[in-house]
Amino acid sequence: MLNLVPTAQEQLKFLKNIQLILQSGSFSSTYKFALLISLSRLAIEKGQDSGDGLALEYKDIAEKFIELYWKQAVPYTFQEESKLILNQNNGKQAAIVNRITLLRQTYASLGLLRRDSLVWFSLLKDVARTVKEMPVRYLQNISSQNFEFLYQLEKCSKQLILLPQVMYCLRQFSEIIEELCQKRWIDYIRKNSSNVPILNKLPNLEQFMFEPNRNQLNAVAHVLVELQECKCFYCNRPMKKGNYAVDHFIPWSMYPSDTGHNFVLADSSCNSKKSNLLASDEFLHKWEERNETQDLIIVDRISVLGFLTDKERSHKVADWAYSQAKENGYLLWSNKL
Ligand SMILES: [Zn+2]
């Protein structure tokens, strides 16, 4: 069966439906936000711009959950003794967060946890089960009515199968969906009264919950200095110590998830000029070539810092970003301007 790309009207309807479940659905935990974000990221990493359905493995969704919650499960210490972690649930802490909190005591980074394959796979399995039993079952539930526009629950026992046209719409609107979900997620955390003592200590909640942490990025910089022989990725000029920044090749504003192959090192000047823009095609080729030739080093040295490092997926994200740019007429940045 041929599945057509959704019409403009169908796409708008889809976006309205996303807004409807975010607005009218009941949220007893933050799992539903994590699920929508995960589906939209996986549609980009695993899908394509067609009207077809897409089958997603529960373990891939679980991996996205772990990445999201790992960042947010950092404990905050108060008056020496008491430690607090953002409560992601209406009542007691959410099960996935408890599981991750416990593992954080043994593993300093997500990368180290991933390398302990026995523990990692058992975590994936447990999280996948929770995802399937909780948010997947209730996401499309609005005042006890099932409103199945993303997937049909009864067909999702082994994999989560996105209905035709859904993958296309998720890819089309992922920036909007990410932003909506993050905003609602932050609101949920703020309104949860058990979080009050922590919120005062976290002036920038958005940064804490979703953005990469400084120490991790400094460690990435350390690896890239070596890989690039301390020259700027964009202008190739030698860089002075401290005068460089880790740049998200595909800008964070387009795709707010850190993947190991997406990092390059740029001098402050190129970094600030590129800002939130995509780099021009010549840099895309240079980046792809860098990833081909240095794949093994990147996988080896950056995954251990806790980042997903999968060249195929990073390149799929880039394909998506550049085709979005073409379609929507985004400005590309070139250092020749
Ligand atoms: Zn430069």
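How far apart do the end C-alpha atoms of residues 220–272 lie, and what share of the span is helix and what share strand? In this predicted model, the two end C-alpha atoms are 18 Å apart, and the span is 25% helix and 19% strand. According to an unreviewed UniProt entry, residues 220–272 carry the annotation "domain: HNH nuclease".

**Salt bridges around Arg313**

Side chains of opposite charge can pair when their charged atoms come close. Under the criterion of a Lys or Arg side-chain nitrogen within 4 Å of an Asp or Glu carboxyl oxygen, the structure contains 18 salt bridges. Arg313 takes part in the pairs tabulated below.

| Salt bridge | N to O distance |
|---|---|
| Asp60 – Arg313 | 3.7 Å |
| Glu63 – Arg313 | 3.4 Å |
| Asp310 – Arg313 | 3.5 Å |

The pair formed by Asp60 and Arg313 joins helix α3 (residues 58–72) to helix α15 (residues 311–328), so parts of the chain that are 253 residues apart in sequence are tied together. Both Asp60 and Arg313 are buried.

The salt bridge between Glu63 and Arg313 likewise links distant parts of the chain, with Glu63 in helix α3 and Arg313 in helix α15, 250 residues apart. Glu63 is buried, as is Arg313.

Is Asp310, the partner of Arg313 in a further salt bridge, buried or partly exposed? Asp310 counts as partly exposed because its relative accessibility is 26%, whereas Arg313 has a relative accessible area of 8% and is therefore buried; the cut-off for burial is under 20%. Through shared partners, salt bridges join Glu45, Lys46, Lys59, Asp60, Glu63, Lys64, Glu67, Arg114, Asp310 and Arg313 into one network.

**Asn291 and His315**

Helix α15 also holds His315. With a relative accessibility of 10%, His315 counts as buried. Apart from residues up to four places away in sequence, His315 touches Trp287, Glu288, Asn291 and Glu292.

Which residue does the side chain of Asn291 meet in a polar contact? The partner is the side chain of His315, at 3.1 Å. Asn291 belongs to helix α13 (residues 281–293), while His315 is part of helix α15. Asn291 counts as buried because its relative accessibility is 0%.

Once neighbours within four places in sequence are set aside, the contacts of Asn291 are His261, Ile298, Lys311 and His315. One of these, His261, falls within residues 220–272, the span covered by the UniProt annotation. Asn291 and Ala279 are separated by twelve residues in sequence, and their C-alpha atoms are 16 Å apart in space.

**Cysteines**

How many disulfides does the structure hold? The count is zero. Cys169 is accordingly in no disulfide, and the nearest cysteine sulfur, that of Cys181, is 15 Å away; a disulfide would require the two sulfur atoms to be within 2.5 Å. Cys169 has a relative accessible area of 2% and is therefore buried. Cys232 also counts as buried, at 1% relative accessibility.

**Summary**

Arg313 of helix α15 forms salt bridges with Asp60, with Glu63 and with Asp310. His315, in helix α15 as well, makes a side-chain polar contact with Asn291, a residue of helix α13.

Terms used
Residues numbered from 1 in each chain as written. Predicted model: local features only at pLDDT ≥ 70, side-chain atom pairs only at ≥ 80, totals over all residues. Heavy atoms only, no water. UniProt positions renumbered as here; feature names shortened; annotations may be inferred. Helix = DSSP H or I, 4+ residues; strand = E, 2+ residues; numbered from the N terminus. Buried < 20%, exposed > 50% of the residue type's maximum accessible area, 1.4 Å probe, protein only. Contact = heavy atoms within 4.5 Å. Polar contact = N/O pair within 3.5 Å; in protein donor to acceptor, adjacent residues only side chain to side chain.
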